[in-house]
Amino acid sequence: MSRQRVFFAARPPAPVLSQIEQCADACLVGPSRRVATSALHLTLCFLGSLEPAQIERAAKTANDLAHAPIKLVFERCEYRRRQQLVWLRARPNRTLSDFVAALRAGLEHAGVPFDARDHLAHMTLARAAREGHCGDCEIAWRIDHFELLSSTPSAQGSVYQRLYAWPLK
């Protein structure tokens, strides 16, 4: 088996997705490449292109991680001119930060590489956006599981496939 581009993420349930779609409708103006509803996610930790053995070590790390559900609130829709993105920014959340730190510590201990840049909780709504309407957009989400996803590029945007999933309880 060859290398796969993978990352840990949380994907919202249908009622939250509906709220996110409403917010996206209000925020997106002008031409852009909207992220498909099925692809909306909150990245927890990007790992990059990994060999199968590294993916298995990442999965074992997540399997050994015990954590309660996380209450997250997206508070604002923002246009990021330099990156040409429209995204939902989450309110700072110590519980989420602690979870991401524990996940990263486990990955480091297991020798699994990951992107160590500061984690900024957000959900990308559109790429290649030339403009966007910024505004408050409060959406509460109880994250009760997380996943290890593979990412495959396509002409319509990345396609994500769940490799593993774990409950938060």
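This passage describes one helix and three individual residues of a predicted model. Local features were accepted at pLDDT of at least 70 and side-chain atom pairs only at pLDDT 80 or more, whereas totals for chains, interfaces and linings use all residues. Residues are numbered from 1 along each chain as its sequence is written, and side-chain values rest on heavy atoms, with hydrogens and water left out.

Secondary-structure elements are DSSP runs numbered from the N terminus, a helix being H or I over at least four residues and a strand E over at least two. Helix α1 comprises 14 residues, 14–27, and extends 20 Å from its first C-alpha to its last. This span is close to the 20 Å expected at 1.5 Å a residue, where the expectation is 1.5 Å times one less than the number of residues. Burial was assigned from relative accessible area with a 1.4 Å probe and protein chains only: buried is under 20%, exposed over 50%, and partly exposed in between. By this criterion V16, L17, I20, E21, C23, A24 and C27 are the buried residues of α1. Viewed down the helix axis, these buried residues fall within an arc of 165° and therefore line one face of α1; the arc is taken over the directions from the helix axis to the C-beta atoms. The buried residues of α1 pack against strands β2 (33–34), β4, β5, β6 (122–127) and β7 (135–143). A14, P15, Q22 and D25 are exposed on the other side of the helix.

Two of the residues examined occupy loops. Q84 is situated between β4 (70–80) and β5 (85–90) and is partly exposed, at 37% relative accessibility. Contacts were defined as heavy atoms within 4.5 Å. With residues up to four places away in sequence not counted, Q84 touches Y79, A126, R127, A128 and A129. The C-alpha atoms of Q84 and A126 are separated by 8.3 Å, although these residues lie 42 residues apart along the chain.

F114 is located in the loop between α3 (94–110) and β6, and its relative accessibility of 22% makes it partly exposed. Residues touched by F114, not counting those up to four places away in sequence, are C45, F46, L47, R104, L107 and E108. The C-alpha atoms of F114 and F46 are 5.8 Å apart in space, while the two residues are 68 residues apart in sequence.

S151 belongs to strand β8 (residues 145–152). This serine is buried, with a relative accessible area of 10%. Leaving aside neighbours within four places in sequence, S151 contacts R5, F7, S158, V159 and Y160.
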